[in-house]
Structures are given as structure tokens and as C-alpha cells.
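Trainee: I'm new to this one and would like a close look at a single part. Could you take me through the sheet at the start of the chain and what surrounds it?

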Amino acid sequence: MDKKEILSKFSTDPERYYKVKLFENEGFMRKSCTICKRFYWTIDENRINCPDHSDDTYSFIGNPPTKKRFDYTQAWKEVESFFQKNGHTSVSRYPVVCRWRDDLYFTIASIVDFQRVMGSKVVFEFPANPLVVPQTSLRFKDLENVGVTGRHFSSFCMIGQHSIPNSQGYWKDECIDLDYRLVTEQFGVDKKEVVFVEDVWEGGGSFGSSLEFFVKGLELGNAVFTEFQGDLSNYRTLDQQIIDMGAGLERFAWITMGTPTAYDCCFGPITGNLIEQTGINTDSELLVRYFTEIAKNFERFSDLSEVRKNAIKSAGLSNEQMDKIITPIEGIYLIIDHIRTLIFAISDGALPSNVGGGYNLRIMLRRIISTMNRLSLKFDINDMIDMQIDYLNDTYPELEETREDVKTIIAIEADRYENSKSRMQKIVSKLNQKPTVDDLIRLYESDGVTPDYLKEMKVISDIPSTFYSKLSELHQSKKQKEQDQLSLEGLPETELLYYADDPKEFDAKVLKSFDQYVVLDRTSFYARGGGQEPDHGTIEGFDVVDVSKHGNIVLHELKEGAIKEGDTVSCVVDSKRRGDITKNHTSTHILNSSSRSILGSWVWQHSAFKEEDHARLDITHHSALTDDEIVKIENLANSVVKKNMSVTIENFDRGTAEQKYGFKIYQGGIVPVKSVRIVSIEDFDIEACGGTHVKKTGEIKLVKITRTKRIQDGVVRIEFVSGDTALDYAKQHDVDLARESAELKDKAKLKETRHEQKQELKEKLPILVENITACKIGTNNVDETIVIMTEPGKPNFCSAMSEQYDEFFHISLGEKLIEKDPWMVYCGVFEDGDRIRAIIYSGEQVGKDKKAGDIAKTVSEVLGGAGGGTQRFAQGGGKDKSKKNDAIEKAKTMVLGV
Ligand SMILES: [Zn+2]
Ligand SMILES: [Zn+2]
């Protein structure tokens, strides 16, 4: 059964599903739309169509149906005070980054605040009943509509009115009664204008009938009576019925203001301020005409450019009016909307990146910049952030705390985009045809080229309406849990001793034993979980190599050995291993909070791993860590260790813990249990965690960061050690440092001596050359290491093989000699590491006959190697150090022929 079918099923029994007391008391009539046949309820006898198909659709633009005018902030105050007057608790918004659900990146509706997934079941947890919440909700599926349609936002405030029908809460009758009175009494809309349309709403594994309420064609809210669970064709009644009324605060403001678009009244003074900065001449009559047409056409066409085209025609706008007024104003709307969403998301700890939910944030910031460039708008982004936070302060005072952090992140991200532009330009210049939607996706996915940039560069004129929804689908949360394959059914849950007295030696009864696995009635072996590796030890003398948790049952894996079911066995936990892992775990918490306070509020634990001798913490951060940051984080962590803070563990009801400590407790991810174990290191760090911890931070002794690395966009890995491992590491590190610096010193010294020698030689060389060339055969020998044989007009020979001469010397000397004497052959032999090298120069005259290359080849053979070169210069060598003299003798024979 699909949604349509279930709607028609519910609509055949309106008494059961839709009729509420209010309809009877106020004399509402049930009618069917003459166009779409849908059923709706109204007290207006003359109404013949549903709100989507009435003539009055969007007639509130320019003509609001209320006496009072409320902007965004004021509208919330009205809603809040109405519900408070009527027995509701007003709850602060939950984070827009949905840390308590692993199937969502962002909070998309108010009801999500109270949904907790347990296994395959969604349960509802309300901090109060009934309640109302101004929940900022993020939706990225139809980004292309934002700024254009007058009513689409990338984030909006969903007024959530929620109730569980019991002694405190209520069900359908009271819900609709309240919503009707909110619209008519509190906002002063004429009763005749309120229309309720029959509908069905499903989501999160549950569904129910719903009544959408409209005024002048604008849907203000949807009251869902959640009462079924399962899919639409196979469902059963929920144990707990839920009132899930969601209304758009933006729309409540808009209907009282009657501005051309919702953007004109939902950002306070900011819209007006930006329009003023650009000097656009806004003709309000023209805007009313145009945006009313946009609203009407939006329902008629599925393609946005068609909607726009038809609205331009119906409103009778010229091309010039479009270019000078509408296009820039759409850009301004888009920029304001996107900035507001970025503020909420970054404040709640999300970072723009190329993975997960960060994707949407990056693309939005790039849209802002491209739009400003395309329309030559020169807004200061920091000013816009300030204006928004100032304006939102009444409803969302918490944004104040992260004001500067938001600016920091956006500035870094904007810089990155600027820096990637030349690369993007190159890619764009290679495009030779208009890109398809798939091309656009590929261009963004692999090259980071946004469609807005292509629009800015005039490669495309419009962004296809399916682009953002396709991209959004690609980046849905894909986390899936592995299914347990083991048959542990029927076993009672294991008593976890490590959460109680935590004995390292204990007896337990074997409940099940199969292959190498054992299930006990109770255990002190910590099972792998929360990034903490399992305990090792022995059961009845057999080595325990792994411990894992399956539901509430702990499974021990033995290296070998068979244990009988029903036996009582004695167990020993390796307490040294456990102690080391425990220190690493508490250190993870300390490093996490240290990183946040050194780097910024956007730092969250991304994941963690704690083994006996090493551990790592991955945090969300925009750039690689600098040496200075690493030192500061480590120092702060060690100051916490030195202060010997108490680590306390308390269990709370999940809702209570969330309200008391906020969502920062979910550093290690979601907690799928009703009772939350809160681990507090005094006020320094408070997290929900199921791991083992030291009692006092002093036990950790020392935390040492061994390495950090940016492992993906927006995530930095910190590898570290703690306890004795850290002390050893530090000791070894000192030794290494000392050795390194000694080595460096030696090297520097060597370099210096060689430099001096070279200097000396340089000065000595000309004299040497003079002496050599002036020598006669027999009278030879300039010094004891240089041997020369000369005879005018005949081949001459000079060789050198002293240990104090290096490559530089031989080359310098050889070159100079053959310059002076074209009959000279020079042969230098020297040691270089474990090799003997030879350098040969042949003067211009002698070289015709005695080529340097040939001599080098022969000499190298003598040395047990190979060599060669040109007529003038050649080199070679070998490994046989005992043949140095032979090599020179050979060369001499080749030249002088003796
Ligand atoms: Zn209709
Ligand atoms: Zn933990």
C-alpha cells in the first residue's frame, strides 16, 4: 500500500481518523476538492476547492489576514506564550547536528529531537509532556528553490508541538483545538480562513493520519497523529501514541506581515540592510505581483525555470526588471538564508568538508561566494554573521558563544575556495559542451567545481533542479550495522562485573560453549566497545584472545581448549593490560577536551581506538595541527594529569543527562540504551561512555602525543601513549634527540673541515699547477703524493692518490693541468666510501691518441669496476682497494708507453 492508498483508506472512515470535537463544536463541513478530490474541513459554505486549488492562494501577500504584524522573533514569542499558557513546557532547541541518531547527519524535524533508535525500534523520549520547541531544522534537498520561491529555506524553525496522550498529555481533539485557537485567537486570523486538509504522514518507521492547516493557501502546520508502526501495508498499533505537530515559524511571521517573500520578514533588519547596500530600487508593488505569481506557479510546474518563466509572463515583467531587481534580490535572499544555516551548523560542531554532512555546508558557502561574484555584491561575510547572531539572540542566545568560531571556520573555508579557483578555471576551460546533471555531479565530486561557479563563469545559465536532490541522495548516511550471525538466543544477559566491583579474579558458570567460544553467567572481561579493545586473560587456564558483546551477552573467545557447559570456571583478567588500556581511555577524554579548548568549539571526537601500548583519537578540525598546537594540547592534557582530578561515573536517564549536560556528552557517538553512563573528569570533561576509567587523573602519569596527521577533510588523527608507555617513550625520545643532535654536530663539523680543506686547496692549486708543468721528467715530484712525468712535445703524465684529496681537488687540478699543457694526461685516484674512484683528464693534443674514456675504462677494470667518458674527461672506479697502485701504473703505461 502506498501513501495515496492509505490516505483514501483513512478518508473512507473520517469519524475514526479525522473528525475532532472542534469540527463538531464549530460546525465545520467536510468537503472534497472539485479539482484534486482531496477532503478538507472548513466553516466557509462558499469554499469549493482545497487550499492548493483555490483562487485565494497566496492572496495574503500584500494583504495579510491579521491585524497584528509579527516578525520572526516576535512570532515565536507569540507561539511560545500561547502554548505555555496552555500547559506546555517550552524546551530549548536541540543541536542541528543530530548526534543521537546514526542514520541522520542533521536534525530535519522537531520530532527527531525525541526519537531514539534502539535496535530496529524507534522509541520516543520526551523531556516534558506536553511540550513546544523552536527546532532549527536543516534540509538540503531543494537548495535550488532557496531565494527563488519566496518560501524555501535551507534551515527553518519548526515549531514542534508534541504530546503523549496520558494523564498530562493529550490526543487529537485537544491538539487541533489548540492549533485552531493559536491561529485564530493568538494571531487573529478569521475563523473562516482556516482550512484543515486530510492527509497521512509517515517517517522514522511510524505513521498516522494528519490534518494540515492552511490560511489563504499557505500551509502553516501539519498535525500528525502518530499511532501506527511498520510499513504502510503491514502495520500494528504503537504502544505509545504521539502528537507530532510541526509548523513553520517562518510562515507564521510571513502571514502576519504579508511581505512579497518570507525572506523579507524572517531575517529581521538584515534583508533590508543588504538591499540598501546594493542600492537596488525595490518596487514593492512589482515584487508582490511577481512573488504571488511564483507561489501560484510553483504548484503547477515541476521545473523551477518553468515556474520562473511563467511568473515573469503573468506578472508582466520586462527583462530589465528581472536583471536589475529580481535576480539580485534572489541572490541576496539566498546569501542570507545560507549564512544563517552555516551559523547554526558550525555552532553545533559541523565542519564544511567533502564527506558526510559537511558536504552540504561546503557547497552552501561556495554558493554564497559565487553568487556574490556573479552579481558583483560586496558584502562583508563577518558583518552578516554578526547581524544574524544579534538578531537571533532573543530566541537562540547560545549562538553568542560560538560567534567568533563561526567566523574563523567560514574564513578558512572561503580562503580554501579562493585558492582552488585557478585549478577550477583550468577544468572549466576544458569543457566543450553544456554539462548534464551527471557531469555536474562528477565535476563537483571529483574536482570540487560547484554548479554555482559554472553559473558565475557563464558556462550554464541555470542549475538543473535535480542537482541538489541527487547530490543529497549520494551523501545520505550509509552507516549499516553488521548483523550478528551467532546463535545466542535464549541466553540471559551477562552480568557485567567490570561495571561493579570489577574483580580481576572471579568464578563464573559456563552457560554456553561452542567452537572456541564461551558464554558465562557473569564476567569481568571488558568486551570490545566504544573504541576500547577487549581484556585478555585466562578462563580455566585457557588464554582469552577476544571478548565481544552481542546484544547484552558477552562472548569470550579462547585460543584453544574446550570448556564444558554447566561447569564453574575460574577466570583471571590480565590486569596489567587492562590498566594500560584504561589509562589510554581516560587520556582520550582528556585529549579530546584539551583539543577543543586549544583549537575551537568545532572539535568533536570523530572516533577513537585504545589498545594496551598505543591509542589514537580522531577529532574534527579544519587543518593539520601545527607543532605549536600539539605542544599546547599536550601541555593542557598533562596539567589535568598533574592536578590529579577525580573521575566519577554516574548513571542517568538519557533524557535527564541530555538536559543536564547537553549533547556534548555524545562524543563517542550515540548511546542505544535508556540509561546513560556519564563519565566526568570534574568539570573538565563530561561524556557518555561505557569504557573503563582511572579513578584519579594522576594515575595516568603522563600523556605523550607521538604523531598527528590530517586523515581526511575535516578530521585530524592524534596518536598518543600514556602511563608507563609514555614515560618510556619520553625517555627514548630524549635519547633519540641526544643522538640526533650529536650526529648533526658531527656532520656539521665534518662539513666545516672539508670546507676549510677546500679553501686551502683553492689557494694552493695555482702554485701546484705551476710547479707540475715546470717539472722535467726524472726531476719530478712536486710533493710526495703527486707523481709527474713530462717531456716536451711528447705525452706527459701526472697522477695523484693521496687520502687528503677528494673529488673536488682532482677535478680542479686535472682541468687546470690540461689547460696549461695540451700534452698532459692527469689521473686522480681516491677513496669514496667503500669504493675507489678514478678521474681522468686528457689534454687536447695527447687526447687524440690517448682518450680519457679509454684510460678510465681500463683503469676501472683493474679496480674491479667499470668506467668511461669522452676524449677529454672520464671517470670510473671499482671496489678493489689493493689495486690502487696497479691502476695508476696501468694508466701511466697507456700514456707513456713504457
Ligand atoms: Zn485540490
Ligand atoms: Zn570514552
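Mentor: Here is a walk through that sheet, its loops and its helices, with a short trip further along the chain at the end.

A bit of housekeeping before we start. Residues are counted from 1 along each chain as its sequence is written, while chains get letters from A and ligands get numbers from 1, in the order in which they are written. The model is predicted, so local features need a pLDDT of at least 70 and side-chain atom pairs count only at pLDDT 80 or more, whereas totals for chains, interfaces and linings use all residues; side-chain values use heavy atoms, with hydrogens and water left out.

Now the sheet. It is an open sheet of nine strands in the order S1-S2-S8-S9-S10-S11-S7-S6-S3, and its pairing is mixed. The labels come from DSSP runs numbered from the N terminus: helices are H or I with at least four residues, and strands are E with at least two. Two strands count as paired if DSSP finds at least two bridges between them. At the edges you'll find S1 (29–32) and S3 (89–90), each pairing on one side only.

Start at the S1 edge. S1 runs antiparallel to S2 (residues 39–42), and four bridges link the two. One bridge to pick out is that of Met 29, whose partner in S2 is Thr 42. In the loop between S1 and S2 sits Lys 37. Its phi is near 70°, a positive value in a residue other than glycine. That's worth a glance, because most residues other than glycine have a negative phi, just as most peptide bonds are trans. Lys 37 is also exposed, at 53% relative accessible area. On that scale, exposed is over 50%, buried is under 20% and partly exposed is in between, with a 1.4 Å probe and protein chains only.

Next, look at what lies over the strands. Helix H1 (residues 3–11) lies across S1, S2, S8 (194–203), S9 (206–215), S10 (218–231) and S11 (234–248), and runs at about 130° to S8. Contact here means heavy atoms within 4.5 Å. Axes are lines fitted to C-alpha atoms, for helices over the stretch in contact, and angles run from 0 to 180 degrees between N-to-C directions.

Over towards S6 (131–138) there's another backbone oddity. Pro 130 is in the loop between S5 (121–124) and S6. The peptide bond leading into Pro 130 from Asn 129 is cis, with omega near -10°.

What does Ile 176 touch? This residue belongs to helix H5 (residues 172–186). Leaving out residues up to four places away in sequence, Ile 176 touches Val 20, Leu 22, Phe 23, Phe 196, Leu 211, Ala 223 and Phe 225. It is buried, with a relative accessible area of 0%.

Two more helices are worth your time. H4 (residues 72–85) packs on H6 (residues 249–257) at about 105°, with the axes 9 Å apart. That makes H4 roughly perpendicular to H6; the label covers 65 to 115 degrees, with under 35 roughly parallel, over 145 roughly antiparallel and the rest oblique. H4 brings Tyr 72, Ala 75, Trp 76 and Val 79 to the contact, and H6 brings Leu 249, Glu 250 and Ala 253. Sorted by class, that is six nonpolar, no polar and one charged residues. Nonpolar here covers Ala, Val, Leu, Ile, Met, Phe, Trp, Tyr, Cys and Pro, charged covers Asp, Glu, Lys and Arg, and the others, Gly among them, are polar.

Follow the chain beyond H6 and you meet Pro 269, in the loop between H6 and H7 (270–278). Pro 269 is exposed, at 59% relative accessible area. Gln 388 is 119 residues away from Pro 269 in sequence, but 9.2 Å away in space, C-alpha to C-alpha.

Finally, the trip down the chain. Ile 176 and Gln 712 are 536 residues apart along the chain, with 49 Å between their C-alpha atoms. Gln 712 stands opposite Val 715 in S26. S25 and S26 (residues 715–722) pair in the antiparallel sense over eight bridges. They belong to an open, antiparallel sheet of four strands, in the order S20-S21-S26-S25. S20 (605–610) and S25 (703–712) each have a single partner strand, so one side of each is left without a neighbour in the sheet.
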